[in-house]
Structure formats: C-alpha cells, structure tokens
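Here is a short tour to read with the model open in your viewer. We will begin with one side chain and work outwards from there.

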Amino acid sequence: MLCYHNDVLLIRIIKHDGPTRGKRFYGYSHWLRTCGFFKWENECDELFEKETEIDELKLKNSLLQEKAKELKQTNLKNRDQLESLFWRIV
C-alpha cells in the first residue's frame, strides 16, 4: 500500500483508550512527517478486492475483443467464399 507520495505505508494499531482501541489502519511510514493518508485496514481489503475484480474484468474484456476480431475475420473470409461461389454459378 502506498500513500499520496508513493511511500510505503505501515499497518499501525490504535493504542489509546477508546472505541477504536486495537483497530488496525494504514498510516504514513514517517510518523513525524505526514501526507494525511489514512485508511482502515478493512477498507483497504475491500479496495484490493475491487481492484482484483476490475483487473479480471479488463482481462475478460480483452479476450472478448480478441474473439470479436477473430469472428470478424472469419465472417469476411466466409463472405468472400460465398461471393466467389455466387459468381461461379452465375
């Protein structure tokens, strides 16, 4: 996981008392300097799942585009053959 400056983020745990104590989050790796990036760990898991799903859909789209291209080429060949047969008959 990278922050807004493309620096590696660390998983941190909230240690102060309160309702979020023990909850894990991604925080900036340089604690004294911060870029303001903050994400709860479970939010990042959901983000990774969505990115994986998007990548899978992009791959399926690419494969379908390739298949459509092949079908168009086959269609053109079949049309040329049909036209050739037509002119032989006529």
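Is tryptophan 40 buried or exposed? Tryptophan 40 is buried, with a relative accessible area of 18%. Please keep in mind that this is a predicted model. The cut-off for buried is under 20% relative accessible area, so the 18% of tryptophan 40 falls within that class.

**Aromatic pairs**

A search of the whole structure turns up two aromatic pairs. In one of them, phenylalanine 25 meets tryptophan 40 edge-to-face, at 6.3 Å centre to centre and with 85 degrees between the planes. This pair links distant parts of the chain: phenylalanine 25 belongs to strand E2 (residues 24-28) and tryptophan 40 to strand E3 (residues 39-40), 15 residues apart. Phenylalanine 25 is buried too, at a relative accessible area of 8%.

The other pair is formed by phenylalanine 86 and tryptophan 87, again edge-to-face, with 5.2 Å between centres and 75 degrees between planes. Here phenylalanine 86 counts as partly exposed at 46% relative accessibility, while tryptophan 87 is exposed at 56%.

The table sets out the accessibility of the four ring residues.

| Residue | Relative accessible area | Class |
|---|---|---|
| Phenylalanine 25 | 8% | buried |
| Tryptophan 40 | 18% | buried |
| Phenylalanine 86 | 46% | partly exposed |
| Tryptophan 87 | 56% | exposed |

Tryptophan 40 has a further partner: the charged end of lysine 23 sits over its ring, 4.1 Å from the centre.

**Strands and their pairing**

Now for the backbone. The protein has one helix and three strands, and from the N terminus on the elements run β-β-β-α. Strand E1 (residues 9-13) is joined to E2 by five bridges, and the two run antiparallel. In this pairing, leucine 10 stands opposite glycine 27 of E2. E2 also pairs with E3, likewise in the antiparallel sense, over two bridges; there, tyrosine 26 stands opposite lysine 39.

Why is E2 described as largely enclosed by the rest of the structure? Four of its five residues are buried, so E2 earns that description.

**The protein as a whole**

Stepping back, 13% of the 90 residues of the protein count as buried. The accessible surface comes to about 8000 Å², and 56% of that belongs to carbon and sulfur atoms. Among the contacts with a separation of 6 or more, 23% are between residues 24 or more positions apart.

Definitions and conventions. Residues numbered from 1 in each chain as written. Predicted model: local features only at pLDDT ≥ 70, side-chain atom pairs only at ≥ 80, totals over all residues. Heavy atoms only, no water. Phe/Tyr/Trp six-rings, centres within 6.5 Å; stacked < 30°, edge-to-face > 60°. Buried < 20%, exposed > 50% of the residue type's maximum accessible area, 1.4 Å probe, protein only. Lys NZ or Arg CZ within 6 Å of the ring centre and 35° of its normal. Contact = heavy atoms within 4.5 Å. Areas by Shrake-Rupley, 256 points an atom, 1.4 Å probe, with all protein chains shown as cover. Pairing = 2+ DSSP bridges.
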